[in-house]
Structure formats: structure tokens, C-alpha cells
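User: I'm new to this structure and would love a close look at how its oppositely charged side chains pair up. Could you walk me through that part slowly, and then show me how it fits into the whole?

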Amino acid sequence: MTDAIARLLPWTGPEGKPCFLVSDGTGYVSRVADAMEAAQMALAAELLTEARRVLAGRAWTSGELHLLTAELSESLAEVRRVAESRGARLAALGGED
């Protein structure tokens, strides 16, 4: 394996600890991680559209706002993990911080 770098995966271990993969980015687990990141980003876009719709209606219940906030918080954490992972890989490839 040449040019292997550590990649933060888009999921955590059983105890909530981060999972990393050391590879050249071409294997099965890398492809699964890529697909999961794409799904997480798509879900974030859908949630953003839903949030805008709910807020524009100005007729929401506290339950709707609570659920939306919980879903947006979870999605934001996932998107942040994807950004952190991609940023670290870019820095490793380019030698930048």
C-alpha cells in the first residue's frame, strides 16, 4: 500500500469513539465511507429544505420545532465530521495545515 493516509470515517465505534481507516483510498471500506458521506450530505440538504419550509410557514408546533432541531443537530454533527475528514485528507495530500 503506497501513499496511505489516515481517514476519519463517517461513523463511530460502539462506544462513540472515532473510527479511522489507513489506506490509499481505493478499497471497499473507503467506497462504503464515500457512499455514507454522500448520503449524509444529501440528508443534510433535505433537512435544510424542510427547515426552511417549516419556518416559512410560521405555524409550527413546539413538537415540530423540537424534532427539527434534533434532526438538524444530528445532521450538522455528521456534516462537520465529513468536513473534518476531508480537510484532514486534503492537508495530508497537500502538506498544509
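Analyst:
**Salt bridges up close**

Let's begin with E15 and K17, which form a salt bridge whose closest N and O atoms are 3.6 Å apart. Please keep in mind that this is a predicted model. E15 has a relative accessibility of 67% and so counts as exposed, the cut-off being over 50%. K17 passes that cut-off too, because its relative accessible area is 53%.

The E15 pair is part of a wider set, since the count of salt bridges comes to seven. Another one joins the side chains of R7 and D34, with 2.8 Å from N to O. R7 belongs to strand β1, which covers residues 5–12, while D34 belongs to helix α1, which covers residues 28–57; the pair therefore ties together parts that are 27 residues apart in sequence. The two partners have their own surroundings. R7 has a relative accessible area of 5%, so it is buried, which means under 20%. D34, at 37%, is partly exposed.

Next comes a link between the helices. The side chains of R86 and E37 meet in a salt bridge at 3.2 Å, N to O. This pair links distant parts of the chain, as R86 sits in helix α2 and E37 in helix α1, with their positions 49 residues apart in sequence. R86 is partly exposed, with a relative accessible area of 38%, whereas E37 is buried at 2%.

Now you can put the pieces together: R7, D34, E37 and R86, along with R89, are linked in a network of salt bridges.

A good neighbour to look at here is S85. Its place is in helix α2, residues 62–94. With a relative accessible area of 2%, S85 is buried. Setting aside residues up to four places away in sequence, S85 touches R7, L8 and E37. Two of those names are familiar, as R7 and E37 both belong to the salt-bridge network.

For another view of the chain, move to W60, in the loop between α1 and α2. W60 is partly exposed, with 33% relative accessibility. Beyond its neighbours within four places in sequence, W60 is in contact with V54, L55 and L65. Now compare W60 with V32: they are 28 residues apart in sequence, and their C-alpha atoms are 37 Å apart in space.

Finally, let's step back to the whole chain. There are two helices and two strands, and along the sequence they follow the pattern β-β-α-α. Along the principal axes, the C-alpha atoms fill a box of roughly 55 × 30 × 25 Å. The radius of gyration is 17 Å, while a compact globule of 97 residues would have one near 13 Å. Buried residues, such as R7 and S85, make up 23% of the 97 residues.

Links across the sequence show up in the contacts as well. Among contacts with a separation of 6 or more, 45% are between residues 24 or more positions apart. As for charge, the chain has 10 positive and 14 negative charges, and their mean positions are 3 Å apart. The chain exposes about 6900 Å², of which carbon and sulfur atoms supply 60%.

Notes
Residues are numbered from 1 along each chain as its sequence is written. This is a predicted model: local features need pLDDT of at least 70, side-chain atom pairs count only at pLDDT 80 or more; totals for chains, interfaces and linings use all residues. Side-chain values use heavy atoms; hydrogens and water are left out. Helices (H or I, at least four residues) and strands (E, at least two) are DSSP runs, numbered from the N terminus. Buried means under 20% relative accessible area, exposed over 50%, partly exposed in between (1.4 Å probe, protein chains only). Contact means heavy atoms within 4.5 Å. A salt bridge is a side-chain nitrogen of Lys or Arg within 4 Å of a carboxyl oxygen of Asp or Glu. The radius of gyration is taken over C-alpha atoms; the globule rule is 2.2 Å times the number of residues to the power 0.38. Accessible areas come from the Shrake-Rupley method with a 1.4 Å probe; for residues, only the protein chains shown count as cover. Lys and Arg count as positive and Asp and Glu as negative; His and the chain ends are not counted. The place of a charge is taken as NZ of Lys, CZ of Arg, CG of Asp or CD of Glu.
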